[in-house]
Structures are given as structure tokens and as C-alpha cells.
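This report covers salt bridges, internal cavities, a surface patch and selected local features of a single model. The sequence and structure come next, followed by the findings under short headings.

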Amino acid sequence: MIRFLILAGYFELTMYLQLSGKLNQYINVHYSYLAYLSMVLSFILAIVQLVIWMKNMRLHSHLKGYWAKLTSPVILVFPVAVGLLVPTVTLNSTTVSAKGYSFPLAAGSSRGTSADGTTVQYLKPDTSAYFTSSAYEAEMQKEIQPYLKTDEITITTENYMEVMELIYLYPDKFVGKSVRYTGFIYNDQNQKDYQFLFRFGIIHCIADSGVYGLSTTGSSQHFANNTWVEAKGTIRIEYNQTLQQSLPILNIEDCKEVSKPENPYVYRVF
């Protein structure tokens with residue numbers, strides 16, 4: 001019976017996340033078919049477990065059946081209650097302030113963990129953990145080729161994670177190129193000469209999510225945190241005293257406030 005309830009609860013929770021439109025805040029939307037598949041399989045397995053349980057019920061006492069009937073609704077409702085009652089909050093600059101952001105100082109270093117045990121947010125998307133070193137280099141060299149052929153790059157929701165990773169991997173190849181993209185403003189009190197233009201991205205699921213984007217200079221406009229803007233500028237490299245690295249930045253030439261996208265998240269496409 002417990003197996004049936006767990007499987008049925010998972011099916012109901014996944015169905016709720018899909019119907020409510022919240023599933024894309026937990027996993028990369030390009031892998032949503034896996035959630036649908038697991039939902040169907042959990043439903044089928046739940047039915048199988050229910051049949052097995054009903055057969056076994058004939059061999060058990062009425063008392064045990066009574067306790068199963070008493071506890072089953074509680075177990076069944078629990079995962080659904082979690083999905084309904086625990087709020088799904090869109091990440092924004094408040095999250096960045098709470099968790100902080102960082103940058104891997106050592107070559108090949110990966111995500112770190114902050115004092116509260118949560119994943120540290122990085123400026124650069126890093127998918128190297130999903131490849132061997134040679135395969136990763138080959139994949140990045142393949143992905144950068146279209147951007148080497150143009151001096152004007154428009155970063156969209158679809159290619160956001162790809163372009164950001166390439167800019168940080170090969171900054172010299174992007175210096176002088178014109179870049180346009182949309183993101184939300186984050187103001188770091190320790191770096192008042194910069195305004196950061198971020199988007200929250202998901203590589204596979206929420207466990208490997210991060211805040212990704214560029215620091216910006218050159219704009220006479222100052223925007224408040226969480227203001228969504230579309231910026232156009234030129235890529236330069238500057239030494240960041242706080243992060244102690246030479247990093248690519250966007251020297252803004254044009255910037256305007258825009259509406260928040262219907263889905264503020266971006267996802268890595270392979």
C-alpha cells in the first residue's frame with residue numbers, strides 16, 4: 001500500500017506542477033518529456049501496486065486493513081500539499097544578495113558551496129562536468145564557430161546560456177563585438193562602478209541552476225534591482241578587484257527598460 005501511495009502521490013504532484021505551469025522552474029524545459037514519461041510510468045506502477053495490495057489484503061486481518069485505510073489519505077495528500085502550500089518563487093536579485101555570486105578562481109574549478117550549504121551562484125555557466133575534457137573542448141569549439149563570423153550578436157532566451165559560457169571561456173574572441181541581450185539588474189554595494197545584468201539559468205534541473213550574465217559599465221542610467229532592461233554594448237575585458245580576475249564586461253551604448261518575460265528563466269540547450 002505504501003508503494004502505491006508514494007507512486008500515486010508523485011503522479012499527482014507532477015501533474016499539478018505541469019498544469020500549474022511551475023514545472024519549468026524546477027527542470028530544463030528541454031527535458032520536460034522525461035517528467036511526462038516518469039509521470040506515466042509512476043501511474044502505471046501505482047496501478048500495479050494497488051492490484052498487488054488488494055490481493056494481499058485478503059490474507060491480512062481486518063485490524064491491519066483498518067490502519068491502512070486510516071493512514072493512506074494522509075500519505076497520499078502529503079506530496080500534493082507540499083506542491084500546493086510551499087510557494088514557488090521566481091528567483092531575482094534578492095536571491096543573488098542572499099546567496100551571493102562568485103567565480104571559479106582556479107582553472108577547471110567547479111561550483112562551490114556556500115556557508116548555508118546551498119550552491120554558490122556563478123557568473124559563468126559551466127557544463128564541463130558533463131563532458132570529458134577533450135569532448136568539452138571539442139563541443140565548445142563547435143559552438144563558437146557561428147559567433148566568430150559576426151560582429152553583432154543577439155543573445156536570446158534560446159542561446160543565452162551557450163553564449164555566456166563561450167564569452168567567459170574565450171573572452172578575447174568576443175572583445176569588440178556588439179552584444180544585445182535582456183536581463184534583470186543587480187546592484188552590488190561592493191562594486192558601485194558596475195551594474196550587473198543577469199538571468200537565472202538551469203542546465204539540467206534546479207540543483208545546477210545559477211545566476212549568469214555580465215557586469216556592465218558606460219550607462220548614465222541607474223536602474224533599481226530587479227528592473228528588466230534590454231542592453232546593447234561592446235564586450236571589453238577589465239580586471240575586477242572584488243573577484244580578482246580579468247573578466248569580460250559589457251560597455252553599454254544603449255539601454256531601455258522592458259517588461260519581465262513570461263518565463264524569466266533560461267535553459268542550456270545541447
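## A buried salt-bridge network

Arg268 and Glu143 are both buried. The model is predicted, and in it the side chains of these two residues form a salt bridge with an N to O distance of 2.9 Å. Glu143 belongs to helix H5 (residues 133–148) and Arg268 to the segment after strand S9 (266–267), so the contact ties together parts that are 125 residues apart in sequence.

Arg268 has a further partner: it forms a salt bridge with Glu165, where the closest N and O atoms are 3.1 Å apart. Since Glu165 sits in helix H6 (residues 160–169) and Arg268 in the segment after S9, this pair ties together parts that are 103 residues apart in sequence. Glu165 is buried, as is Arg268. Glu143, Glu165 and Arg268 are thus described as one network of salt bridges.

## A salt bridge between two loops

How many salt bridges does the model contain? The count comes to five. One of them pairs the side chains of Asp151 and Lys177, at 3.7 Å from N to O. This pair links distant parts of the chain, 26 residues apart: Asp151 is in the loop between H5 and strand S3 (152–154), and Lys177 is in the loop between helix H7 (171–174) and strand S4 (178–186).

Are the two partners buried or exposed? Asp151 has a relative accessible area of 57%, over the 50% cut-off, and so counts as exposed. Lys177 is at 6% relative accessibility, which is under 20%, and therefore counts as buried.

## Cavities

Two cavities of 30 Å³ or more are counted in the model. The largest cavity holds about 50 Å³ of space. Which residues line the largest cavity? The lining consists of Ile185, Gln195, Leu197, Thr216, Ser219, Gln221, Phe223, Val229, Ile252 and Cys255.

Strand S5 (195–202) supplies at least two residues of this lining, and strand S8 (245–257) likewise supplies at least two. Sorted by class, the lining of the largest cavity comprises six nonpolar and four polar residues, with no charged residues.

## Nonpolar surface patch

A nonpolar patch of about 830 Å² lies on the surface. Its members are Leu37, Val40, Leu41, Phe43, Ile44, Leu45, Ile47, Val48, Val51 and Ile52.

Val48, one of the patch residues, is located in helix H2 (residues 32–57). The relative accessible area of Val48 is 39%, so Val48 is classed as partly exposed. That value is also over the 30% cut-off that patch residues have to pass.

## Local features

Asn226 has a positive phi, near 75°, although the residue is not a glycine. Asn226 is placed in the loop between strand S6 (209–217) and strand S7 (228–240). With 30% relative accessibility, Asn226 falls between the 20% and 50% cut-offs and so counts as partly exposed.

Met15 is part of helix H1 (residues 2–20). The relative accessible area of Met15 is 30%, and Met15 is therefore partly exposed. The C-alpha atom of Met15 is separated by 8.5 Å from that of Tyr36, with the two residues 21 residues apart along the chain.

Definitions and conventions: Residues numbered from 1 in each chain as written. Predicted model: local features only at pLDDT ≥ 70, side-chain atom pairs only at ≥ 80, totals over all residues. Heavy atoms only, no water. Patch = residues over 30% accessible without salt bridge, like charges linked within 9 Å, V, L, I, M, F, W, Y side chains within 5 Å. Areas by Shrake-Rupley, 256 points an atom, 1.4 Å probe, with all protein chains shown as cover. Salt bridge = Lys/Arg side-chain N within 4 Å of Asp/Glu carboxyl O. Helix = DSSP H or I, 4+ residues; strand = E, 2+ residues; numbered from the N terminus. Buried < 20%, exposed > 50% of the residue type's maximum accessible area, 1.4 Å probe, protein only. 1 Å grid on protein atoms, 1.4 Å probe; cavity = no way out; pocket = protein on both sides within 12 Å on 5 of 7 lines; lining within 4 Å. Points joined across faces, edges and corners; volume = space filled by probe spheres on them. Nonpolar A, V, L, I, M, F, W, Y, C, P; charged D, E, K, R; others polar.
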